[in-house]
Amino acid sequence: MIAILQPYIPHYREEFFDMLQEQLPMDLYCYEKQAEIGKDHFKVGNTKVISLPAIVKGPFVFYNPFPLLNRKYNVLVLMLNFGHLSTWLILLLRPFIKQKIVLWGHGISVKRYVKEEKKPDFLLRWMIALSDGVWFYTKKELDVWKTFMPKMNGHALNNTISGVEAILDLNIPDKQALRERYGITQQRVLIYCARFNEPGRRVDLLVELIETLSPEAFAFVIIGDGRLKPDFSAYPHVRDFGALYDRKVKDELFSMADIYFQPGWVGLSIVEAMSYGKPIFTFKRSASILQCVEYSYIKHGHNGMVFDSMRDCVDTLSLTTEKEIGRMGENARAYVKQELTMDTMADNAVTAIRHISSPKQVVHEDAK
């Protein structure tokens, strides 16, 4: 039996845990109250969890480790986060306990990616060296770590969201009919769907693009809410739908759009957009443009476009043909179907658990 630790379970992750429970006996522990999920503008999932008492101070978390050390668990899946003090305690106790310890995380900090891609954080290296295995969100992060710790027992899950298969099976409505219903007359429609709670999303660049492009030729659909959200009411070519969880309405909004545009901090939202067959347009990762690990899903010119500058972005939007946009959208959808279904993510996790559970497969390294 395995035990998995998470802060809370948002709606986009519940299908993953439900599918795991179908294949493996599992208990899911959360150290934050599900009711607190609203502060991050997430929708609460319905997956059954066990509450774990914890003290949270800034980046540091001390949760009660004793329920996890119950002998009924042969594998513990904890978080790859050096601020989790209890995880350090469990890792240091590893020679004296019977459980295998798996660490699950991004692998590289979003905010420190440019630096850590070349030299991963020492504390994360130490944590990994003390563990029995690691789950990474994407293949790119696994490859990065393999260059530094080639014998590491690592697995990539291919991070995705609940409901991908339903979107892939969707009968796409008539785009023009939808635009007429929503009163959109512009030839090209860009859609943005993410929370406005993180400066790294670079909403200033979204606003700059809205102000730069012709209101007669381009329309924007905005889905999302949050403390950093600007007032879009002054722009006649922007349709702002706020926080939206109605799947039918989202199906319509994505179906009538041509391109998914998010300047920075692209993450799981691009998986949803790619499922609808929308190419992803964003900016190149840099010290000033932060991108989440799912950024590696974007292949420039194949299933999206990655820009060096706003001028580059504006020119490309003006010159790219409908045929080219359609081709990239089809490639985006095909990539999700091949690599990013929830079945694939759950199967990768089960395979990793079975691999890690085999003593002959476990290899440790120094944190040097």
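How many disulfides does a search of the whole structure find? Zero. The legends below describe a predicted model.

**View 1. The whole chain, with its helices and strands.**
The chain has 13 helices and 15 strands. Its radius of gyration is 21 Å, close to the 21 Å that the globule rule gives for 368 residues, so the chain is as compact as a globular protein of that length. Along the principal axes, the C-alpha atoms fill a box of roughly 70 × 40 × 35 Å. Of the 368 residues, 57% count as buried. Among contacts with a separation of 6 or more, 71% are between residues 24 or more positions apart.

**View 2. Cysteines without a disulfide.**
The search for disulfides comes back with zero. Why does Cys193 have no bond to Cys292? The sulfur of Cys292 is the closest cysteine sulfur to that of Cys193, yet the two are 14 Å apart, too far for a bond. A disulfide needs two cysteine sulfur atoms within 2.5 Å. Cys193 is buried, with a relative accessible area of 9%. Cys30 also counts as buried, because its relative accessibility is 1% and the cut-off for buried is under 20%.

**View 3. The six-stranded sheet.**
Six strands form an open sheet in the order 12-11-10-13-14-15, with parallel pairing. Strand 12 (238-240) and strand 15 (304-307) are the edge strands, and each pairs on one side only. From one strand to the next, the twist averages 25 degrees. Strands of a sheet pair through backbone hydrogen bonds, either parallel or antiparallel.

**View 4. Strand 14 between its two partners.**
Strand 13 (residues 259-261) and strand 14 (residues 280-283) run parallel and are joined by two bridges. Here Phe261 has Phe281 of strand 14 as its bridge partner. Strand 14 also pairs with strand 15 in the parallel sense, over four bridges. Which residue of strand 15 is the bridge partner of Ile280? It is Gly304. Gly304 and Val306 point one way from strand 15, while Met305 and Phe307 point the other way. All four are buried.

**View 5. Helix 8 packed on the six-stranded sheet.**
Helix 8 (residues 203-212) packs on the sheet and touches strand 10 (188-193), strand 11 (218-223), strand 12, strand 13 and strand 14. The direction of helix 8 makes about 150 degrees with that of strand 11. Which residues of helix 8 are buried? Val203, Leu205, Leu206, Val207, Leu209 and Ile210 are. Their cover includes strand 10, strand 11, strand 12, strand 13, strand 14 and helix 11 (310-319).

**View 6. Tyr260 in the largest nonpolar core.**
The largest nonpolar core has 63 residues. Leu206, Leu209, Phe232, Tyr260 and Leu317 have the most contacts inside it. What does Tyr260 touch, not counting residues up to four places away in sequence? Its contacts are Ile191, Tyr192, Cys193, Ala194, Phe254, Ser269, Ile270, Ala273, Lys278, Pro279, Ile280 and Phe281. Another core, of 60 residues, lies apart from this one. Ile2, Ile4, Leu103 and Phe136 are among its residues.

**View 7. Ala257, a buried loop residue.**
Ala257 is found in the loop between helix 9 (247-256) and strand 13. Is Ala257 buried or exposed? With a relative accessible area of 0%, Ala257 is buried. Leaving aside neighbours within four places in sequence, Ala257 is in contact with Lys175, Arg179, Val189, Ile191 and Lys278. Ala257 and Tyr192 are 65 residues apart along the chain, and their C-alpha atoms are separated by 9.8 Å.

**View 8. The seven-stranded sheet and helix 13.**
Seven strands form an open sheet in the order 3-2-1-6-7-8-9, with parallel pairing. The edge strands, strand 3 (50-51) and strand 9 (154-156), each pair on one side only. Strand 1 (residues 2-6) runs parallel to strand 6 (residues 75-79), and three bridges join them. Ile4 has Val77 of strand 6 as its bridge partner. Helix 13 (residues 342-357) lies across strand 1, strand 6, strand 7 (100-105), strand 8 (133-136) and strand 9. Helix 13 runs at about 170 degrees to strand 8.

Definitions and conventions
Residues are numbered from 1 along each chain as its sequence is written. This is a predicted model: local features need pLDDT of at least 70, side-chain atom pairs count only at pLDDT 80 or more; totals for chains, interfaces and linings use all residues. Side-chain values use heavy atoms; hydrogens and water are left out. Buried means under 20% relative accessible area, exposed over 50%, partly exposed in between (1.4 Å probe, protein chains only). Two strands pair if DSSP finds at least two bridges between them. Axes are lines fitted to C-alpha atoms, for helices over the stretch in contact, and angles run from 0 to 180 degrees between N-to-C directions. Contact means heavy atoms within 4.5 Å. A nonpolar core is a set of buried Ala, Val, Leu, Ile, Met, Phe, Trp, Tyr and Cys residues joined through side-chain atoms within 4.5 Å. The radius of gyration is taken over C-alpha atoms; the globule rule is 2.2 Å times the number of residues to the power 0.38.
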